[in-house]
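Got the viewer open? Let's walk through this one stop by stop, picking a selection each time and seeing what turns up.

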Amino acid sequence: MNVPAVDIESVELDAPMFDPVAFRLTDQQAEWCTLARKLGKTKFADRAFEVDREAKFPTENYKDLHENGLLALCVPERFGGGGAGYQSYSLVAAEIGRYCGATALTWNMHVCSTLWSGPLADDLEMSEEDRAAHEKRRAIHYKRIVEDGAIYAQPFSEGGAAAAGAVAFSTEAVPVEGGWIVRGKKIFASLSGNADYYGVLCTETEPDGTKSRRNTLYLAVDATAKGVSVVGDWDPLGMRGTVSRTLLFDDVFVPETEALMPRGLYFKAASNWPHMFMTLSPTYMGQAQAAYDFTVAYLRGEVPGMPPVKRRMYPTKQIAVAEMRIKLEQAKALWFQAVTEACANPSKDQVLRAWATQYTVMEFANDIARLAIRTCGGQSMLKSLPLERIYRDSRCGALMLPWTAELCVDRLGRGALYEPGESDE
Ligand SMILES: Cc1cc2nc3c(=O)[nH]c(=O)nc-3n(C[C@H](O)[C@H](O)[C@H](O)COP(=O)(O)OP(=O)(O)OC[C@H]3O[C@@H](n4cnc5c(N)ncnc54)[C@H](O)[C@@H]3O)c2cc1C
């Protein structure tokens with residue numbers, strides 16, 4: 001990709017989304033966020049145009065993420081990673097999302113393979129035996145990531161009700177000597193054709209062939225294994241660089257060592273660590289910030305490459321920016337609280353707040369981008385500027401299972417009105 005050489009150390013950075021003092025970040029968190037803003041501003045922002053236009057995976061960005069330790073951000077320190085937890089991941093991902101939505105979103109899929117198998121798994125109940133076996137197995141995955149820059153994808157969608165958590169995954173894992181035979185199909189598999197491993201959610205079938213959500217397995221399938229293929233095209237409205245094509249698993253042998261979680265643990269995580277499904281929100285939080293920042297710079301006549309025409313003196317512009325700022329502050333405050341309190345066994349209020357957060361971020365990000373285009377005007381939506389891409393990319397957030405905007409509203413309403421076990425049917 002033709003990106004002009006920029007001195008990463010001398011470039012003037014954008015202000016942090018979450019000021020380290022005001023939001024009481026640790027020094028380490030502030031450093032990671034600065035690194036993300038440096039990479040975003042000097043490299044990802046320029047490459048994002050081609051990534052979007054060609055719907056191609058941001059391979060160069062992944063090299064930068066690896067070289068700067070960010071592929072291993074959530075790998076525990078004793079395995080050579082950054083040791084970041086949920087809140088730190090979220091803050092860094094939001095900063096990346098300001099510059100390239102597709103990079104932040106795919107990086108989310110990759111990081112989840114370490115966050116879920118790492119700090120989240122450590123919070124969950126396991127037998128001593130399972131914990132010891134998990135410790136050994138995850139060391140294999142973490143070594144690949146830390147040393148070789150291996151990339152993990154996270155395909156769970158199948159086009160049916162499983163991705164929403166309503167039924168067991170159709171993709172099945174049949175136990176055999178030394179592992180499983182995996183067969184099935186995953187749609188919208190971001191990073192397809194570009195990941196080294198696919199972290200597949202599938203169901204370990206009972207001997208009588210029945211499937212239960214309790215028997216969900218989370219297996220890393222080698223992208224080069226016999227029987228794995230990537231099919232179909234990818235030409236969507238937004239988040240084009242995610243390259244979310246269809247994956248087929250045709251009797252793929254997956255060794256026991258490739259389990260990213262012990263048997264039964266994914267089901268426990270989904271039930272007891274619900275914020276695990278909120279990890280897509282940082283990308284869109286970053287997009288909301290980017291749309292707002294662009295608007296302020298544009299109306300001040302400060303967008304690089306554009307004539308320095310000021311438009312800030314018109315009251316209608318000022319009102320629109322105020323409206324955008326109010327939405328941005330609302331989303332950021334709620335989001336920061338939700339990512340800060342994410343934990344195992346959250347209270348009912350915390351879960352309702354997580355759904356409200358996901359809804360708010362996904363809907364507000366696109367709404368702020370909509371207001372940005374309306375307010376800045378025709379020249380702002382040219383393909384030479386990032387705003388129209390942010391508008392398209394930000395539309396995708398509300399559609400992403402299992403916590404789509406619709407499902408969040410659905411669960412919030414029911415959750416607020418009913419206590420566990422209550423029913424009117
Ligand atoms: C850019 C992008 C990248 C993606 N990357 C990945 C990825 O890496 N891995 C992955 O697994 N998936 C990924 N997805 C897929 C995503 O999570 C969804 O699975 C996909 O968008 C679902 O589309 P669908 O039309 O099949 O949804 P449908 O299942 O048809 O649902 C349509 C809508 O109906 C509602 N709905 C669905 N089920 C229920 C229910 N049980 N009750 C009530 N309402 C319901 C929801 O609001 C949903 O939005 C990606 C999607 C996008 C847009």
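Start with the whole chain and its contacts: among those with a separation of 6 or more, 75% join residues 24 or more positions apart. Keep in mind as you go that this is a predicted model.

Now switch to a cartoon view. You should be able to pick out eleven helices and seven strands. The chain is as compact as a globular protein of its length, because its radius of gyration of 21 Å is close to the 22 Å that the globule rule gives for 425 residues. Line the view up with the principal axes, and the C-alpha atoms fill a box of roughly 70 × 55 × 40 Å.

Next, turn on the surface. The accessible area comes to about 18,300 Å², and carbon and sulfur atoms account for 52% of that. Of the 425 residues, 54% count as buried. Colour by charge while you're here: there are 46 positive and 55 negative side chains, and the centres of these two sets lie 6 Å apart.

Time for some backbone stops. Select leucine 401 and proline 402 and look at the peptide bond that joins them: this bond is cis, with omega near 5 degrees. Proline 402 sits in the loop between helix 10 (387-395) and helix 11 (405-417).

Jump to alanine 55, in the loop between helix 1 (27-54) and helix 2 (59-67). Here phi is near 50 degrees, a positive value in a residue other than glycine. Is alanine 55 buried or exposed? With a relative accessibility of 13%, alanine 55 counts as buried, since the cut-off for that is under 20%.

Phenylalanine 188 is the next pick, and you'll find this residue in strand 3 (residues 179-189). Phenylalanine 188 isn't a glycine either, yet has a positive phi of about 50 degrees. Does phenylalanine 188 count as buried or exposed? At 56% relative accessibility, phenylalanine 188 counts as exposed.

Now show the aromatic side chains. How many aromatic pairs does a search of the whole structure find? The search comes back with 16. Zoom in on one of them, phenylalanine 57 with tyrosine 62: the ring centres are 4.8 Å apart and the planes meet at 35 degrees, so this pair is tilted. Both partners count as buried, phenylalanine 57 at 5% relative accessibility and tyrosine 62 at 2%.

Then select tryptophan 116 and tyrosine 266. Their ring centres lie 6.1 Å apart with the planes at 45 degrees, so this pair is tilted. Trace the chain between the two and you'll see that the pair links distant parts of it: tryptophan 116 belongs to helix 4 (residues 101-123) and tyrosine 266 to helix 6 (residues 265-272), 150 residues apart. Tryptophan 116, at 3% relative accessibility, counts as buried, and tyrosine 266, at 8%, counts as buried too.

For the last stop, keep those two selected and add Tyr218, Phe277, Trp355 and Trp403. Together with Trp116 and Tyr266, these residues form one aromatic cluster.

Note on methods
Residues are numbered from 1 along each chain as its sequence is written. This is a predicted model: local features need pLDDT of at least 70, side-chain atom pairs count only at pLDDT 80 or more; totals for chains, interfaces and linings use all residues. Side-chain values use heavy atoms; hydrogens and water are left out. Helices (H or I, at least four residues) and strands (E, at least two) are DSSP runs, numbered from the N terminus. The radius of gyration is taken over C-alpha atoms; the globule rule is 2.2 Å times the number of residues to the power 0.38. Buried means under 20% relative accessible area, exposed over 50%, partly exposed in between (1.4 Å probe, protein chains only). Contact means heavy atoms within 4.5 Å. Accessible areas come from the Shrake-Rupley method with a 1.4 Å probe; for residues, only the protein chains shown count as cover. Lys and Arg count as positive and Asp and Glu as negative; His and the chain ends are not counted. The place of a charge is taken as NZ of Lys, CZ of Arg, CG of Asp or CD of Glu. Rings of Phe, Tyr and Trp (its six-membered ring) pair if their centres lie within 6.5 Å; planes under 30 degrees apart count as stacked, over 60 as edge-to-face and the rest as tilted.
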